[in-house]
Amino acid sequence: MSVIEAIILGIVQGLTEFLPVSSSGHLQLAKALLGVEIEENLLFDCTLHAATVLSTIVILWPEIKRLIVGIFSRTFNDEQAYIIKLIISMIPIAIVGFTLKDYIDTMLSSPYILTIVGAMLLLTALLLSFAYYARVRPKENISYRDSFIIGLAQAIASMPGLSRSGSTIATGILLGNNKNAVAQFSFLMVLAPILGEMFLNIVKGEVVFSSIGIAPLLAGFVAAFAVGCAACKFMLGIVRRGKLIWFAIYCAIAGVVSIICNFI
């Protein structure tokens with residue numbers, strides 16, 4: 001993989017990570033269109049995800065700073081409760097990461113990956129449609145129970161093509177939570193799992209000794225971070241305006257195209 005191809009894939013990741021259209025699915029589509037074959041798919045994808053996690057930290061830093069300050073309070077407060085909810089939401093994805101990592105990596109190299117991606121994009125479209133048309137009574141705060149259920153949605157979204165942000169935001173809305181609160185929670189709950197995965201890759205030397213090469217990894221990281229900052233701001237505005245149905249339509253079209261591409 002060349003540096004230019006890595007930059008293109010980084011741009012795709014940055015654009016689609018925060019939009020409910022599945023960044024993993026679009027990465028596989030982009031790789032197929034570019035004719036890029038990567039032996040260590042999961043490592044490269046994780047590197048790009050780490051870049052967009054960094055962009056999340058930059059954009060949501062005031063909220064993150066508030067939570068960090070709240071941790072050190074001697075009395076139990078809203079910030080500490082919120083962090084506990086974030087930790088609860090991370091339990092399902094941690095289990096998936098430790099038990100199914102190799103299976104997911106193998107799936108990414110499957111000759112039928114575009115069919116899998118297409119089917120999951122269609123499922124994403126269905127979830128977003130349900131969330132758009134749902135008429136539920138909004139709750140003021142995300143509960144501990146809802147945190148775990150949203151976490152389950154994130155774990156299931158490990159499937160390539162099933163949008164993580166789309167699944168978690170749609171699930172939160174269907175549970176009756178405020179759209180703004182769900183969007184922010186969705187973006188924050190992915191920080192620890194992705195950064196933890198990247199840290200483990202560095203400790204094990206998978207980044208340094210990767211066959212991909214340091215230059216493409218770095219180029220893809222920078223591109224994903226820069227574009228991700230803009231996309232994060234954009235998506236927060238989209239959720240506030242409740243225009244998720246347009247992404248549902250897009251995912252449905254992309255899903256059909258992906259399936260067709262697998263048989264051409």
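## Arg66 and its salt-bridge network

Arginine 66 comes out as partly exposed, because its relative accessibility is 35%. This is a predicted model, so treat every number here as computed from predicted coordinates. The salt-bridge partner of arginine 66 is glutamate 79, with the closest N and O atoms 2.5 Å apart. Arginine 66 sits in helix α4 and glutamate 79 in helix α5, so this pair ties together parts that are 13 residues apart in sequence. Is glutamate 79 buried or exposed? Glutamate 79 counts as buried, because its relative accessibility is 16% and the cut-off for buried is under 20%.

There's a third member too: salt bridges with shared partners join Glu63, Arg66 and Glu79 into one network. Glutamate 63 also belongs to helix α4, and at 14% relative accessible area it's buried. If you skip the neighbours within four places in sequence, glutamate 63 is in contact with Gln184 and Leu188. Between the C-alpha atoms of glutamate 63 and methionine 235 there are 16 Å in space, with their positions 172 residues apart in sequence.

## The other salt bridges

How many salt bridges does the structure hold? The count is five. One of them joins the side chains of arginine 164 and glutamate 17, at 3.9 Å from N to O. Arginine 164 is part of helix α8, while glutamate 17 is in the loop between α1 (3-16) and α2, so the pair ties together parts that are 147 residues apart in sequence. Both arginine 164 and glutamate 17 are buried.

Arginine 145 and aspartate 146 also meet through their side chains, in a salt bridge of 3.1 Å, N to O. Here the two partners get opposite labels. Arginine 145 is exposed, because its relative accessible area is 52% and exposed means over 50%. Aspartate 146 is buried, with a relative accessible area of 0%. As a general point, side chains of opposite charge can pair when their charged atoms come close.

## The nonpolar cores

The largest nonpolar core has 49 residues, and the members that touch the most others are Leu86, Ile169, Phe185, Phe187, Leu188 and Met235. Which helix gives the most to this core? That's α6 (residues 113-133), with seven residues. Apart from this core lies another one, made of ten residues, including Ala6, Phe44, Leu48 and Ala51.

Leucine 86 is a handy place to start looking around. Leaving out neighbours within four places in sequence, leucine 86 is in contact with Leu67, Phe185, Leu188 and Met189. Leu188 turns up again among the contacts of glutamate 63.

## Helix α6 and what packs on it

Helix α6 has 21 residues, and its first and last C-alpha atoms are 30 Å apart, close to the 30 Å expected at 1.5 Å a residue. Its buried residues are Ile113, Leu114, Val117, Gly118, Met120, Leu121, Thr124, Ala125, Leu128 and Ala131. In an α-helix there are 3.6 residues a turn, so residues three or four places apart point the same way. What do the buried residues of α6 pack against? Their partners are α2 (23-34), α5 (78-108), α8 (164-174) and α12 (244-262).

Methionine 107, in helix α5, is buried, with a relative accessible area of 9%. Setting aside neighbours within four places in sequence, methionine 107 is in contact with Ile113, Ile116, Met159 and Pro160. Along the chain, methionine 107 and tryptophan 246 are 139 residues apart, and their C-alpha atoms are separated by 29 Å.

## Helix α12

The 19 residues of α12 should span 27 Å at 1.5 Å a residue, and its end C-alpha atoms are indeed 27 Å apart, which agrees. Buried in α12 are Leu244, Ile245, Phe247, Ala248, Cys251, Ala254, Gly255, Ser258 and Asn262.

## A nonpolar patch on the surface

Now for the outside. Trp61, Ile68, Ile71 and Phe72 form a nonpolar surface patch, with about 440 Å² of accessible area together. Tryptophan 61 is found in helix α4 (residues 61-71). With a relative accessible area of 42%, tryptophan 61 is partly exposed.

Technical notes:
Residues numbered from 1 in each chain as written. Predicted model: local features only at pLDDT ≥ 70, side-chain atom pairs only at ≥ 80, totals over all residues. Heavy atoms only, no water. Core = buried A, V, L, I, M, F, W, Y, C linked by side-chain atoms within 4.5 Å. Buried < 20%, exposed > 50% of the residue type's maximum accessible area, 1.4 Å probe, protein only. Helix = DSSP H or I, 4+ residues; strand = E, 2+ residues; numbered from the N terminus. Contact = heavy atoms within 4.5 Å. Patch = residues over 30% accessible without salt bridge, like charges linked within 9 Å, V, L, I, M, F, W, Y side chains within 5 Å. Areas by Shrake-Rupley, 256 points an atom, 1.4 Å probe, with all protein chains shown as cover. Salt bridge = Lys/Arg side-chain N within 4 Å of Asp/Glu carboxyl O. Expected span 1.5 Å × (residues − 1).
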